[in-house]
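I set out to record what I looked up in this structure, entry by entry. The notes follow the order in which I consulted the model.

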Amino acid sequence: MTTPPPALLIAGHGTRDDAGAEAFRDFVRQLQLRLTDVPVAGGFIELSPPPLGDAVAGMVARGVRRFAAVPLMLVSAGHAKGDIPAALAREQERHPGISYTYGRPLGPHPALLRVLERRLEEALEGTAADRSDVTVLLVGRGSTDPDANAEVFKAARLLWEGRGYAGVETAFVSLAAPDVPSGLERCARLGARRIVVLPYFLFTGILPDRVREQTREWAAAHPEVEVRSADVIGPEPELLDLVLERYEEAVKGDLRMNCDSCVYRIALPGFEDKVGLPQQPHFHPDDDGHGHHHHGGHAHSHAH
């Protein structure tokens, strides 16, 4: 008898924005339409329903025992490196007999770079702007993990290469410098007179809205600079294809997560205390589980 393929489990961060949470849930439904022979479910590690544990429990109730989990995240920050693997380890304790493989975050994949380029063109629609006159400010979420912040800079560089923009600068909306106003100021000091602020986010939410508002405030105070805001990536076909690619990698064991600058493995300046730090799953009021037991052990799961 042929062994059925593992179920696809999508792990999201969560948002207090109802539209953003519904965009995630709808994206999971679209994935199920694409993978007709594979059970698909998704959950959040915080802030939004359903919790990841509920998604697992629902599939276990349907007889699923093998999972391939894909973090629906652009960068390898603490959630993808620690929180999700720890949460999955917790689910193994809650549901003896289940197993999982863990895929890698989406990263600055060429398919997503194409979507970002499309968002820039949409933002410039109706203008006669030449790309060589346009400076892009790519705005990431921001993290206390320097490796995650560096990935946003990598995405900015890859977006710049070969596309003819005057430049692509980087900023963050939380937890890391430069912030959005500082990033816009840097663009202006470098001579930019036409800037497009491009949010490096998958779906709408509180933080992308904050990026847009901070952009609006800075632009109002600097009328000499033309500033436009682009949209988030959104549930584009390229994103669906990429998640399915990450699923196939996880099923085949073809995982290539970069550990060269991981704060939990390498003593980076100012972060030496994080090396070897045990990871713990997120616990939240909407995930009562089967008892809140914190377990030691390093659940920072990297495949080499």
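In which loop is Leu175 found? I located Leu175 in the loop between strand 6 and helix 6. I note at the outset that the model is predicted.

**Entry: backbone of two loops**

I looked up the backbone of Leu175 and read a positive phi of about 70 degrees, although Leu175 is not a glycine. Most residues other than glycine have a negative phi, and most peptide bonds are trans. I then checked the accessibility of Leu175: at 65% relative accessibility this residue counts as exposed, because the cut-off for exposed is over 50%. In the loop between strand 6 and helix 6 (180-189) I also placed Pro178. The peptide bond from Ala177 to Pro178 is cis, with omega near 0 degrees.

I turned next to the loop between strand 2 and helix 2, where Leu47 is found. Leu47 has a positive phi of about 75 degrees and is not a glycine. At 34% relative accessibility, I recorded Leu47 as partly exposed. Pro50 is found in the loop between strand 2 and helix 2, and I noted that a cis peptide bond joins Pro49 and Pro50, with omega about 0 degrees.

**Entry: strand 2 and its partner**

Is strand 2 enclosed or open to its surroundings? I found that five of the five residues of strand 2 (residues 40-44) are buried, so this strand is largely enclosed by the rest of the structure. I checked each face separately: Val40, Gly42 and Phe44 are buried on one side, and Ala41 and Gly43 are buried on the other. Strand 1 (residues 7-12) pairs with strand 2 in the parallel sense, over five bridges. Within this pairing I noted Ile10 opposite Gly42 in strand 2. I followed the chain from strand 1 through helix 1 (residues 18-34) to strand 2 and recorded this β-α-β crossover as right-handed.

**Entry: Gly20**

I placed Gly20 in helix 1. Gly20 counts as buried, because its relative accessibility is 4% and the cut-off for buried is under 20%. Leaving aside neighbours within four places in sequence, I found Gly20 in contact with Thr15, Phe203 and Thr204. Gly20 and Thr204 are 184 residues apart along the chain, yet I read a separation of 4.9 Å between their C-alpha atoms.

**Entry: helix 2 against helix 3**

Two packed helices are described by the angle between their axes and the distance between the axes. For helix 2 (residues 52-61) and helix 3, I recorded packing at an angle of about 40 degrees, with the axes 10 Å apart. That makes helix 2 oblique to helix 3. I noted the crossing of helix 2 and helix 3 as right-handed. Which residues meet here? I listed Leu52, Gly53 and Val56 from helix 2, which meet Ala87, Leu88, Glu91 and Arg94 from helix 3.

I then looked beyond helix 3 (78-94) and found His95 in the loop that leads to strand 4 (99-102). His95 is buried, with a relative accessible area of 14%. Leaving aside neighbours within four places in sequence, I found His95 in contact with Val56, Ala57 and Val60.

**Entry: the open four-stranded sheet**

In what order do the strands of the open sheet run? I read the order 6-5-7-8 for this sheet of four strands, with parallel pairing. Strand 6 (167-172) and strand 8 (226-229) are the edge strands, each pairing on one side only. From one strand to the next, the twist averages 25 degrees. I counted four bridges in the parallel pairing of strand 7 (residues 194-199) with strand 8, and I noted Val197 opposite Ser229 in strand 8.

Two helices were looked up against these strands. Helix 5 (residues 146-160) lies across strand 5 (135-140), strand 6 and strand 7, and runs at about 160 degrees to strand 6. Helix 7 (residues 206-221) lies across strand 5, strand 7 and strand 8, and runs at about 170 degrees to strand 8.

**Entry: Glu224**

My last check concerned Glu224, in the loop between helix 7 and strand 8. I recorded Glu224 as partly exposed, at 48% relative accessibility. Glu224 and Arg194 are 30 residues apart along the chain, and their C-alpha atoms are separated by 9.3 Å.

Key. Residues are numbered from 1 along each chain as its sequence is written. This is a predicted model: local features need pLDDT of at least 70, side-chain atom pairs count only at pLDDT 80 or more; totals for chains, interfaces and linings use all residues. Side-chain values use heavy atoms; hydrogens and water are left out. Buried means under 20% relative accessible area, exposed over 50%, partly exposed in between (1.4 Å probe, protein chains only). Contact means heavy atoms within 4.5 Å. Two strands pair if DSSP finds at least two bridges between them. Axes are lines fitted to C-alpha atoms, for helices over the stretch in contact, and angles run from 0 to 180 degrees between N-to-C directions. A crossover is right-handed if, with the strands pointing away from the viewer, the path from the first strand over the helix to the second runs clockwise. Angles under 35 degrees count as roughly parallel, over 145 as roughly antiparallel, 65 to 115 as roughly perpendicular and the rest as oblique. A crossing is left-handed if the near helix is turned anticlockwise from the far one by less than a right angle, and right-handed if clockwise.
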